[in-house]
Amino acid sequence: MRSMTAAAKVIIGATALLVGTLAAVPLAAQVVTGTPGSPSATTTINGAQIPTGQPPFGGVIKESARQSTPWWAPRIVPPEGAPNVLLIMTDDQGYGVPGTFGGVIPTPALDRIAKAGLRYTQFHSTALCSPTRAALITGRNHHSVGSGVIGELSTGFPGYNSVIGPENATIGRILEDNGYATSWFGKNHNTPGFQYSSAAGPFEQWPSGMGFQYFYGFMGGETDQWQPYLFRDHSQIFPWIGKPGYNLITDMADDAIRYMSELNAAAPDKPFFVYYVPGGTHSPHQPKPEWIERFKGKFDMGFERLRDSIFANQKRLGVIPANTRLTPWPADLPKWDTLKPVQKKIFTRQAEVFAGYTAYTDYEIGRVIQAVQDMGKLDNTLIIYIDGDNGTSPEGGVEGTFNQLTAYNGIFNLPEAVQLLHYRALGTDKTYPHMSAAWTWAFDTPFKWTKQVASHFGGTRQGVAISWPGHITDEGGIRSQFHHVIDIVPTILEATGIRAPDMVNGIKQRPIEGVSMLYTFGHANANAPSRRETQYFEMVGNRAIYHDGWIAATTPPAPPWELGTGTLPDVTTGYRWELYNIADDYSENNDLAAANPAKLAEMQALFLSEAAKYNVFPLDNSGFSRLLTPRPSAVAGKTEFTYSGVNPGIPVGNAPSILDRDYTVTAQVTVPKGGAEGMIATLGGRFGGYGLYLSRSFNWWFRETLFRRVGVGLLALGLVLSLFGKGGMWSRGLTYFGAAWVLVVFGAGIVGMGRGKPVFLYNFLDLERFKWEGPSLSAGTHTIVFDFKYDGPGPAKGGTGVLSVDGKEVDRKSVKHTIPLMMTIDETFDIGSDTRTPVDDHAYQVPFNFTGTIDTLRIKLGPEQLSEPEKQAAAATVAAANN
């Protein structure tokens, strides 16, 4: 990347320029390019301790500048020839999804990398989102870096607290301090949810604090792709405003291409590390509509025939051994021929949307890869494309859903009539969809199980392609060595010639736990023994241990599409174990536990040893009920909250939670002459949440949508008929009636009919909306109170809400049920406006700024009405309470 003449090269040993800060660490030689002390001088570093700090001044200082000699510290650069690195990972895609690994969905960008490099057929994730991502960027097992489960389910144990820790520096930090430009695009599921505040921080575990100089992406496990929870560095942004058809999948590619282009213009010789992790294809499945239409009718064959087709393709491509057996279809999932026609109609649409999302995501990845080539940098770029951070997701339940938040709250098997209401809108901004778990199982062919299940390859086996021109000598080859996501960091470090540091910011580092895969790049090593001999797996109690061609695995006690709502056995003694010789049984089809109990016992003992080494204990098989676990946010333990003025964008972890308890919302507002409207306070949006607001005039919807269009349409029709002399009395009647309609509707808006009514609206997961409303407020100061008494104890119970204005009750209503576990996953608590989606599309449009003054807003929470056993059983009782 940088030319270096012999005259310009100076080898400096352990006593050289950087000795001031590295004296305690034995140093290898550094390479300085250019004249030392000149502005153009550069240096590599030993890298044992980062950052290196400023070296001692090497010039001369006298009383006069004329008598003095200036000296500049050399700029730190990577070793000569170190490649750019483009690390790509998609979301929730199992082994049988991409066409590159036998799937029926074309993935030409992944094909491109595979043809230019290698495909890996025994590469593994942790079975879940943020754990895989933490392991990927640190090179350490997920429990070693506090990520034994997703952050939303974190608990106060070292292996599960979602805190990566300063002793586990990421690949971003290492490469940044060695002279790389580092950036992160897309999903950030590694900042603890209780640290999302862009005002309060802390920022040590935001991308910037983990060594990524630029971040453009969303916070959390998922987001609406049409109106994403999006950040540039530390600032929330809203780029979709005024851009019809906006979608984050495209926007993210655009921003990555822009960033690389600007970097190339400003510093063409500076190598980049781009971490590119789109939300596709995690729920919500939201591709642009033209991508859905490409797959219309492509899944009419059903689950089992899709699976047979993928299996045949995999054998044809050689990405599974010829003797692989297709694992059996589970009894817990329906067979296609047992479905009613209406179910087939719904299910095929779900698969079309998912396939469109997959293809769309790969297409935009392809644009990023092409941009690297267009800049002339492809020949010195290491590209690692991991298809999925775990197996395909079953979290839509057996039936799938138009709103994934229903499943997260334990509401499954929505009536077909409800599903059909959203059929045409599936994938648009009006839905937050997921597909049936039966499709999920098919997309994980040839394996058993799915995402969440760490014990089996359906949850952990990922297709991977790696290219590096000039360094991979077996283009288009296939590699079957057993590897894990923790092996990516050491692979990058070996490729760049950069060492893993011993100390970072003065903190001793935990050793890297992965092994480099670089040995597999040569043609001569195509069949070399795997250098990863042992690997444990564990997620929510499901666990396995691999060693030297054998794997022992627990049998999942309940299917993952139930999201932990079933009755689970004791996590340490209640699980049955299976045993497979995967050297001969690629798909884990032939259980040898009964035939070889001695081997099973040996493997079980090995799991216990590895688990103790890597912070896996204590085991915990409670599922989504852990959403209710208290966590150390800046507002932990608070039951009274006071705000004033406009404060949008407060993350859920810093907001008052009204779930499963009494609460009182009190707003003192000042209404100006002429009245006011707008949002006072809201949490959530279109797919679940609540809002306290003053209504728009004439209920807004009448004036802005259907009623306005009807009036204008009648008026236009009457005028056209009159113009052509048709219709006679009928045309005049239509004209007069349409004109009168338009005048009435707009007149009602002008005089403010219905404007300024206090409303508390509760959106029960886009299934029902409950509304309390009072009379319009006059100019002046008013106190609005909404008081809710919860019918607890227990989850998902109903209650009675009372809306009062200036001490007078104006509306009272009882409801049968409330949201128990998760009101929103990617919306914020907004005061004075609504930043994302409305809690009721018929009532207003965002941002719905409040046009009066919010003097004070107080929220008082009653005690949580769930006992510890009830928390554990919460998800199970939710389904019964709401179906």
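Trainee: What volume does the largest pocket have, and what makes such a space a pocket as opposed to a cavity?

Mentor: The largest pocket has a volume of about 1,100 Å³, a volume being the space filled by probe spheres set on grid points that are joined across faces, edges and corners. On a 1 Å grid over the protein atoms alone, a pocket is an open set of points with protein on both sides within 12 Å along at least five of seven lines, whereas a cavity is a set where a 1.4 Å probe fits but cannot get out; lining residues have an atom within 4 Å of a point. By that rule 43 residues line the largest pocket, and Leu-627, Arg-631, Val-652, Gly-653 and Ser-657 are the closest to its centre.

The model is predicted, with local features needing pLDDT of at least 70 and side-chain atom pairs counting only at pLDDT 80 or more, while totals for chains, interfaces and linings use all residues. Residues are numbered from 1 along each chain as its sequence is written, and side-chain values use heavy atoms, with hydrogens and water left out.

Trainee: How is the lining of the largest pocket divided by class?

Mentor: That lining has 22 nonpolar, 13 polar and eight charged residues, where Ala, Val, Leu, Ile, Met, Phe, Trp, Tyr, Cys and Pro count as nonpolar, Asp, Glu, Lys and Arg as charged, and the others, Gly among them, as polar.

Trainee: How many cavities of 30 Å³ or more are found, and which residues lie nearest the centre of the largest cavity?

Mentor: The search of the whole structure finds nine, and the largest cavity holds about 410 Å³ of space. Its lining comprises 34 residues, with Glu-395, Gln-452, Val-540, Leu-563 and Phe-624 nearest the centre, and it divides into 20 nonpolar, 10 polar and four charged. Gln-452 also has a positive phi of about 85° although it is not a glycine, and it is found in the loop between helix H11 (437–443) and helix H12 (457–460).

Trainee: Why are H5 and H8 called roughly parallel, yet H2 and H8 oblique?

Mentor: Angles under 35 degrees count as roughly parallel, over 145 as roughly antiparallel, 65 to 115 as roughly perpendicular and the rest as oblique. Helix H5 (residues 248–266) and helix H8 (residues 341–374) pack at about 10°, with axes 9 Å apart, and are therefore roughly parallel. The contact of H5 with H8 has 10 nonpolar, two polar and three charged residues. Helix H2 (residues 108–116) and H8 have axes that come within 7 Å and cross at roughly 45°, and are therefore oblique. Axes are lines fitted to C-alpha atoms, for helices over the stretch in contact, and angles run from 0 to 180 degrees between N-to-C directions; helices (H or I, at least four residues) and strands (E, at least two) are DSSP runs, numbered from the N terminus.

Trainee: What does Lys-860 touch, not counting residues up to four places away in sequence?

Mentor: With contact meaning heavy atoms within 4.5 Å, Lys-860 touches Thr-639, Glu-640, Asp-662, Tyr-663 and Thr-664. The C-alpha atoms of Lys-860 and Tyr-663 are separated by 5.6 Å, although the two are 197 residues apart along the chain.

Trainee: Where does pLDDT stay under 50?

Mentor: The predictor's confidence in each residue, from 0 to 100, is its pLDDT, and the protein averages 90, with 88% of the residues scoring at least 70. pLDDT stays under 50 over residues 1–28 and over residues 875–883. Where pLDDT is low, the predicted coordinates should not be read in detail.
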